[in-house]
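Work through the exercises below with the coordinates open. Each task is followed by a solution in steps.

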Amino acid sequence: MTNFSTIYKLSLVAVTCLVHACSSSCPVMECWFVQEKAGRGGGLAGATTQEKTLIHIRKDTQSQSAESRRAPADINPERVYTFTDPAATLCQPAFNPPRGSVEKPQCEVNPFVPQPSSLKWVASLTESALSPIYLEAEWFSASFHGLNQRLGVSTISRAPTGSKEHDGAAHFRAPSLNVERRFVSELFWWSFSSVVLSVSSRTMSAQARLGEPVTLDCGFRADPSSPLSSSGFAVEWRYQFRGDGRLVLAYDGTSDRLADTLEEGATMDFEALHQRGNASLTLQEAKVRHSGMYICTVYLPYLLAQVVMELEIVEPPSLSIHPSPLPLTVTGQTLSVQCEASGFSPLPLELSWEFKGSDGKSRPLGTGSVSGHRQAWDGTFTQSTRLQLDTSKLDLGTGGEVVCVAVHPGGTRRASATLNVIGFSGPSIEDSMAMVGVALVLYGFIKFISWTFTSSGSNTAENQEKKEK
Ligand SMILES: *[C@@H]1O[C@H](CO)[C@@H](O)[C@H](O)[C@H]1NC(C)=O
């Protein structure tokens, strides 16, 4: 019985391990550690240093990755970090490329300084007293871009401050928990930090058609074990395009209040926001002016994390051909056809012409003379091309379709008009014979009709004469 229960326990452990191993696909990522150059009081913008860093991600403090903890030769062991991410936001497949993959997720780590915000919709978060001891730690902000460029995550993580002792080149850092104590031959303690706030988006580069509703995804997770997570949050959506910026939406989650903004038709699902941290922004009707960068910022007291995503409104053109229908054309005549592409965005557009013969074969007729573009009140563009079709130079047969082709990122559009050509080229002998035949028959027919008419006409005249008599 004891044996059985031992076996049972062992197999249970084995199964748990297996399940755990299978589900824990948290990656090890190579990132850049970027920080301002030390000792630069003058504040030269852009004076930063970049160092390669390695980040081990894990779901909980117990799980240990099987990978060797030794840093690669080109990475300073001091810049090897372990991030504990209980929400497993960073353990998604987009951050874990198959072995040997050329494409790698992108990431950058920066030192972060917690500080209260004076923004109107954030200030209330830091009004209540909070334990400043918790803030006295080493903080990092990190941003990650997934493989397909669709997923982006930003995190704020905290490494409890331990004793930092400098011993020549060596650098000691006491980890927070005993289980995390690992000793590496280079005499380094690994830096363990836990993700306190993560903000992510699945629509890092979004596209939408004109007039459609658009949802820009943004979600956040705050570590429930952090004292900062219980004091509420704030969410802010900002728009940025070529130096022009505006506040789209700002929401104070503590007082459940929206800031006044000028943006119309921009909403969030506040229930989903409070229940699941879903801070997605919905624009009810996509307009050209919505194209640009959107920044979703989530605030916790003293902390903020943000993801920047791009929205592009892509609308293919509507085409129209003038004149339509095309006039009946005689061989040798030059026909002028215009094609107007309107309501498209963004630029550029490629316009060209094709001729599709009665045999179904298409051949290019060039671009025609393409006009400059004009912008309409709604931001969409209009552009046209004029084709001078010299019917004597081209063998167009008896006609076919004149096609205007517009190639646009939103799709290729075509419009066509039927062309009928009357040929004056010499008729064949059979045609001539037939014509002569037809002419003869016609002549005979006319002759017959006129003879019948005249004879019947004289008859009536005679009758009348008789009556008068
Ligand atoms: C968040 O809400 C939006 C609608 O507001 C929805 O489209 C999206 O799927 C939600 N995301 C998640 C992860 O539930």
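**Exercise 1.** Decide whether W451 counts as buried or exposed in this predicted model, then place the residue in its element and its surface patch.

Solution. Step 1: the relative accessibility of W451 is 58%. Step 2: the cut-off for exposed is over 50%, so W451 counts as exposed. Step 3: W451 belongs to helix α4, which covers residues 429-468. Step 4: together with L442, F445, I446, F448 and I449, W451 makes a nonpolar surface patch of about 680 Å².

**Exercise 2.** Classify S157 by accessibility and list the residues that S157 touches, leaving out those up to four places away in sequence.

Solution. Step 1: S157 sits in strand β6, residues 152-160. Step 2: the relative accessibility of S157 is 0%, and buried means under 20%, so S157 counts as buried. Step 3: the residues touched are F83, E138, W139, F140, S193, S194, V195 and V196.

**Exercise 3.** Describe the salt bridge between R209 and E315: give the separation of the closest N and O atoms, then the location and accessibility of each partner.

Solution. Step 1: the closest N and O atoms of R209 and E315 are 2.9 Å apart. Step 2: R209 is in the loop between β10 (205-208) and β11 (214-216), while E315 is in the loop between β19 (303-313) and β20; the pair is 106 residues apart and links distant parts of the chain. Step 3: R209, at 36% relative accessibility, counts as partly exposed, whereas E315 is buried at 14%.

**Exercise 4.** Repeat the analysis for the salt bridges R246 with E263 and R414 with E354.

Solution. Step 1: in the salt bridge of R246 with E263, the closest N and O atoms are 2.8 Å apart. This pair joins strand β14, which holds R246, to the loop between β15 (257-258) and β16 (266-268), which holds E263, across 17 residues. R246 is partly exposed at 23% relative accessible area, and E263 is buried at 11%. Step 2: for R414 and E354 the closest N and O atoms are 3.2 Å apart. Here R414 lies in strand β29 (residues 411-422) and E354 in strand β23, 60 residues apart. R414 is exposed, with a relative accessible area of 52%. Step 3: the structure holds nine salt bridges, and E30, K52 and D74 are linked in a network of salt bridges.

**Exercise 5.** Inspect the backbone: find the cis peptide bonds at P323 and P346, and the positive phi values of A88 and R242.

Solution. Step 1: the bond from H322 to P323 is cis, with omega near -15 degrees; P323 lies in the loop between β20 (318-322) and β21 (329-330). Step 2: the bond joining S345 and P346 is also cis, with omega about -5 degrees, and P346 is in the loop between β22 (334-344) and β23 (350-357). Step 3: A88, not a glycine, has a phi of about 60 degrees and counts as buried at 18% relative accessibility. Step 4: R242 has a phi near 45 degrees and counts as exposed at 77%.

**Exercise 6.** Which residues are around the ligand, and how much of its area does the protein bury?

Solution. Step 1: the residues around the ligand are D217, N278 and S280. Step 2: a polar side-chain atom of N278 lies 2.4 Å from a ligand oxygen atom. Step 3: taken alone the ligand exposes 360 Å², of which the protein buries 47%.

Definitions and conventions
Residues numbered from 1 in each chain as written. Predicted model: local features only at pLDDT ≥ 70, side-chain atom pairs only at ≥ 80, totals over all residues. Heavy atoms only, no water. Near = heavy atom within 4 Å. Polar contact = N/O pair within 3.5 Å; in protein donor to acceptor, adjacent residues only side chain to side chain. Areas by Shrake-Rupley, 256 points an atom, 1.4 Å probe, with all protein chains shown as cover. Helix = DSSP H or I, 4+ residues; strand = E, 2+ residues; numbered from the N terminus. Buried < 20%, exposed > 50% of the residue type's maximum accessible area, 1.4 Å probe, protein only. Patch = residues over 30% accessible without salt bridge, like charges linked within 9 Å, V, L, I, M, F, W, Y side chains within 5 Å. Salt bridge = Lys/Arg side-chain N within 4 Å of Asp/Glu carboxyl O. Contact = heavy atoms within 4.5 Å.
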